[in-house]
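Colleague: Thanks for making time to go through this with me. I'd like to hear the reasoning behind each label you use.

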Amino acid sequence: FFATSGSEASDTAMRIALAFWHGTGRSVFAYVPGSYHGVSLGPSALMGLEGYDNGYRSPVASLALPSYGEWVTDPGASKRSLERSLEAVGGELAAVFIEVIQGSGGVTEMPSGYAEALSAGLEACGALLVVDEVATGVFRTGTFLGLRQFPGLRADMVLLGKGLTAGMAALSVVAVDERVHDAVVADPSTHRVAGTTHAGNPLACAAAVATMMAFGDPE
């Protein structure tokens with residue numbers, strides 16, 4: 001799904017997650033404090049960064065998971081807190097948003113143990129995983145996706161942005177797992193996920209194609 005910014009990609013991923021869970025009551029989103037997922041009303045509920053709320057609070061129901069820093073300081077307590085949080089809200093949880101490296105949160109990498117515990121928790125509660133690679137994707141961490149460095153994590157959606165066009169044009173992408181895509185488009189009440197005027201415009205897509213040709217095979 002083409003968009004024009006990281007904020008728009010995050011917002012679209014939230015709408016796709018809600019469409020996937022349509023009619024189930026799952027409408028809560030979880031996040032890791034220190035993340036940056038965008039400044040529009042939906043994604044602003046998923047950051048926990050000071051100075052970005054501008055005096056308002058997003059109406060989106062959200063849950064803060066333990067931070068990466070907390071895990072480094074006390075992995076045992078953070079693991080228990082993560083498990084309890086996911087268990088408590090599991091039946092209402094639509095998706096968890098993460099960054100594999102938090103930029104605005106202090107260039108903080110997700111600990112491998114955190115990734116393993118999160119994977120187990122998501123398998124138990126069934127919520128979707130959205131990996132925001134707007135800042136880290138397209139070889140910015142060595143691999144095409146930073147997610148590749150955490151083989152135990154399976155994303156249901158991946159967000160890409162900045163690196164796609166080498167900064168030459170506004171373009172972002174929501175890459176959606178086939179299981180999620182098929183469920184959303186098969187339901188007449190959710191199948192049309194609206195985009196914006198300039199999403200996927202020819203100039204931005206040409207810049208993305210040129211960038212990918214320069215880098216070669218993403219795998």
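Modeller: Gladly, and one definition comes up at every turn: buried means under 20% relative accessible area, exposed means over 50%, and partly exposed lies in between, with a 1.4 Å probe and protein chains only. Helices (H or I, at least four residues) and strands (E, at least two) are DSSP runs, numbered from the N terminus. This is a predicted model, in which local features need pLDDT of at least 70 and side-chain atom pairs count only at pLDDT 80 or more, while totals for chains, interfaces and linings use all residues. Residues are numbered from 1 along each chain as its sequence is written, and side-chain values use heavy atoms, with hydrogens and water left out.

Colleague: What makes strand 7 enclosed by the rest of the structure?

Modeller: Strand 7 covers residues 128–133, and 6 of the 6 are buried, so it is largely enclosed. In a regular strand the side chains alternate between the two faces of the sheet. Here Leu-128, Val-130 and Asp-132 are buried on one side, and Leu-129, Val-131 and Glu-133 are buried on the other, which leaves both faces of strand 7 covered.

Colleague: How do you know which strands pair with strand 7?

Modeller: Two strands pair if DSSP finds at least two bridges between them. Strand 4 (residues 93–98) is joined to strand 7 by 4 bridges, and the two run parallel. Ala-95 has Leu-128 as its bridge partner, and Val-96 has Leu-129. Strand 8 (residues 157–160) also pairs with strand 7 over 4 bridges in the parallel sense, with Glu-133 partnered by Leu-160. Both pairs therefore meet the requirement of at least two bridges.

Colleague: What pairs with strand 8 in the antiparallel sense?

Modeller: That is strand 9 (residues 172–176), again over 4 bridges, and Leu-160 stands opposite Val-173 there. Strand 8 has buried residues pointing both ways: Met-157 and Leu-159 one way, Val-158 and Leu-160 the other.

Colleague: Why is the pairing in the sheet called mixed?

Modeller: Strands of a sheet pair through backbone hydrogen bonds, either parallel or antiparallel. This open sheet of 7 strands has the order 1-9-8-7-4-2-3, and it holds a parallel pair in strands 7 and 8 and an antiparallel pair in strands 8 and 9. Strand 1 (2–3) and strand 3 (62–64) are called edge strands, as each pairs on one side only.

Colleague: Why does Thr-136 count as buried?

Modeller: Thr-136 is at 7% relative accessibility, and the cut-off is under 20%, so it counts as buried. It sits in the loop between strand 7 and strand 8. Taking contact to mean heavy atoms within 4.5 Å, Thr-136 touches Val-100, Ile-101 and Thr-141, leaving aside neighbours within four places in sequence. Its C-alpha is 9.0 Å from that of Gln-102, although the two are 34 residues apart in sequence.

Colleague: What makes Val-138 and Phe-139 worth a look?

Modeller: Most residues other than glycine have a negative phi. Val-138 has a positive phi of about 65°, and phi of Phe-139 is near 70°. Both lie in the loop between strand 7 and strand 8. Val-138 has a relative accessible area of 3%, so it is buried, whereas Phe-139 at 22% counts as partly exposed.

Colleague: How do you know that the radius of gyration agrees with a compact globule?

Modeller: The radius is taken over C-alpha atoms, and the globule rule is 2.2 Å times the number of residues to the power 0.38. For 219 residues a compact globule would be near 17 Å, and the chain has 17 Å, so the two agree. Along its principal axes the C-alpha trace spans about 50 × 40 × 40 Å.

Colleague: And what is there in the chain as a whole?

Modeller: The chain has 6 helices and 9 strands, and buried residues make up 45% of its 219 residues. Among contacts between residues at least 6 apart in sequence, 71% join residues at least 24 apart.
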